[in-house]
Amino acid sequence: MKRLGQADLPLHYGRVPAWLYQRMRTMGLAITEAIVEEYGPDEFLRRISDPFWFQSFGAVLGMDWHSSGITTSVMGALKHALNPVSRELGIYVCGGRGKHSRKTPDELLQIGERTGLNGDELVRTSKLTAKVDNTALQDGFQLYLHSFILTQNGNWAVVQQGMNEGNNMARRYHWLSEKVSSFVDEPHTSVIGHNQGLILNLTAHDAASSREGILNVGKENPGRMLPEIRKVLMPGHHDVKVTDVDMRRLGTILAMAYDSQFEKFDDLLLLRGLGPKTLRSLSLVSEVIHGTPSRFHDPARFSFAHGGKDGHPFPVQTSVYDESIHFLQDAVRRAKIGETEKKDSIKKLSDLLFKLEKDFVPNPEKFEKYIEQERKESKGFGGRTVFDDKKKTRKSLDDGQLELF
């Protein structure tokens, strides 16, 4: 029985604090707009169906780099941020966790009425993806989140997640419409979760003979298997270790942000005057917007953009986060009216990183010292974690906070 690709995603309970969630929504929208402006709505679907990019995206937004909580928080933030401007972007986000997932059919039918898309077919697709991952793929994980993302031309992606309370692990499943030739023969772009050994998986290509007998009852036929499945293996430890990141790539970013040699690059004039921490942040945001799939094999590196809500690798530096948001928002706004200088400078930053890292020699011994220094300096940059917030009553917890489960 073939593994579809999986990764450890420790279950994280609790809530995303309002001060972080609001920033996640704003930055998530700005990054999405930048991707759509440069590459189109369908490229955003490709990105979100890539588990490496998704985990990196969540880390840039300030969530814990390795945990299952990224899925709930990122999809919740995107739904709240993108849907008010869905007509302009050409992207719609439906569903969510728990009771919100059950509203997906009604939401899809409403979108169908507004756009002329076949709402009934979209509902069928949504139900099929959930049925495959919850029933045909019996791996011990019960779905609790189902998010359906589609564009105005009818292309779609699905991100859904199940939990196994027996081992405190989660598994995330990714679908992409342009990759699906069959709903029953290895349809996923990725499956992420903890290795459970042998499982009942009727979507496996090797289960074709068993599946054929089942499908004959419904007079259906299986299609072709997908040629490639991307795999993510996330560790259980909370802190970011040197082995979790590509030190050449991270080291290049830090050197460019902190070394005076950066002043030599005339094509990045618009970025001068930004502090080194904001430059570090924008460098990683630039990768999320412009990077190719090979750039995201180490999602932990992207937690160095702003920090993480639980303080790993350091507290979320809110002033840095806000400055990065402002710069990116302004770049997107200006690009819409034909002023592309700021947008181009962000892309040039990404291009420059790719060039510089080829000859960069990292020093892993500086890794822990760098993290310790960032933790010491975080307070001066509005550093916050979920542990800094005062304990609130259960009633007040509902005010602007997103529950992970």
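## The two faces of strand β6

In this predicted model, strand β6 is covered on both of its faces. On one side lie Met169, Arg171, Tyr173 and Trp175, and on the other lie Ala170, Arg172, His174 and Leu176, all of them buried. In a regular strand, side chains alternate between the two faces of the sheet. The strand spans residues 169-176, and 8 of its 8 residues are buried, which makes β6 mostly covered.

## Pairing with strand β5

Strand β5, made up of residues 156-164, is joined to β6 by 8 bridges, and the two strands run antiparallel. Within this arrangement, Val159 stands opposite His174 of β6, and His174 is itself one of the buried residues of that strand. The hairpin formed by β5 and β6 has 4 residues between the strands, and in this hairpin Asn168 takes a positive phi near 55 degrees.

## Helix α10

Helix α10 covers residues 276-290, a run of 15 residues, and its span from the first C-alpha to the last is 21 Å, close to the 21 Å expected at 1.5 Å a residue. The helix is also mostly covered, with 14 of its 15 residues buried.

## Confidence in the model

The chain has a mean pLDDT of 81, and 76% of its residues reach 70 or more. Over residues 1-8, however, the pLDDT is below 50, although this stretch has 46 contacts in the model beyond near neighbours in sequence. Residues 197-203 also have a pLDDT below 50, and that stretch has 29 contacts beyond near neighbours in sequence.

How values were computed
Residues numbered from 1 in each chain as written. Predicted model: local features only at pLDDT ≥ 70, side-chain atom pairs only at ≥ 80, totals over all residues. Heavy atoms only, no water. Expected span 1.5 Å × (residues − 1). Buried < 20%, exposed > 50% of the residue type's maximum accessible area, 1.4 Å probe, protein only. Pairing = 2+ DSSP bridges. pLDDT = per-residue confidence, 0-100. Contact = heavy atoms within 4.5 Å.
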